[in-house]
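Here are a few friendly notes to read alongside the model. Please keep the viewer open as you go through the points.

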Amino acid sequence: MTDNNSNSGGGGGNAGLAFIVGGIVVVLAIVAYFVFSGASPEPKQVDVDVSLPEVSAPSVPAPAG
């Protein structure tokens, strides 16, 4: 007795995998666009000024004795 296993249905089993891989490619293309298009030729000027008020420690009472 021989088993005749002929696959005449086509490759429909990989359609879901192809859809997922296509979605990943599209997401990576969008991320690459935002990453590489954000670089400007002139450097940005950033000024940071941190001014904190002076804080003194509370006075400690003199030891008794």
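1. How many aromatic pairs does the count come to by the ring-centre rule? The count comes to one aromatic pair. Please bear in mind that this is a predicted model.

2. The pair is formed by Y33 and F34, and its arrangement is edge-to-face. Their ring centres lie 5.5 Å apart, with 70 degrees between the planes. The pair counts as edge-to-face because the angle is over 60 degrees.

3. Are these two rings buried or exposed? Y33 has a relative accessible area of 55% and is exposed. F34 is exposed too, with a relative accessible area of 59%. Both get that label because the cut-off for exposed is over 50%.

4. For the fold as a whole, the protein chain has one helix and zero strands. Helix α1 covers residues 15-37, and I20 has its place there.

5. On burial, 0% of the 65 residues of the protein chain count as buried. The chain exposes about 6800 Å², of which carbon and sulfur atoms supply 62%.

6. One more spot to look at on the surface: F19, I20, I24 and L28 make a nonpolar patch of about 470 Å².

Terms used: Residues are numbered from 1 along each chain as its sequence is written. This is a predicted model: local features need pLDDT of at least 70, side-chain atom pairs count only at pLDDT 80 or more; totals for chains, interfaces and linings use all residues. Side-chain values use heavy atoms; hydrogens and water are left out. Helices (H or I, at least four residues) and strands (E, at least two) are DSSP runs, numbered from the N terminus. Buried means under 20% relative accessible area, exposed over 50%, partly exposed in between (1.4 Å probe, protein chains only). Accessible areas come from the Shrake-Rupley method with a 1.4 Å probe; for residues, only the protein chains shown count as cover. Patches are made of residues with over 30% relative accessible area and no salt bridge: like charges are joined within 9 Å, nonpolar side chains (Val, Leu, Ile, Met, Phe, Trp, Tyr) within 5 Å. A salt bridge is a side-chain nitrogen of Lys or Arg within 4 Å of a carboxyl oxygen of Asp or Glu. Rings of Phe, Tyr and Trp (its six-membered ring) pair if their centres lie within 6.5 Å; planes under 30 degrees apart count as stacked, over 60 as edge-to-face and the rest as tilted.
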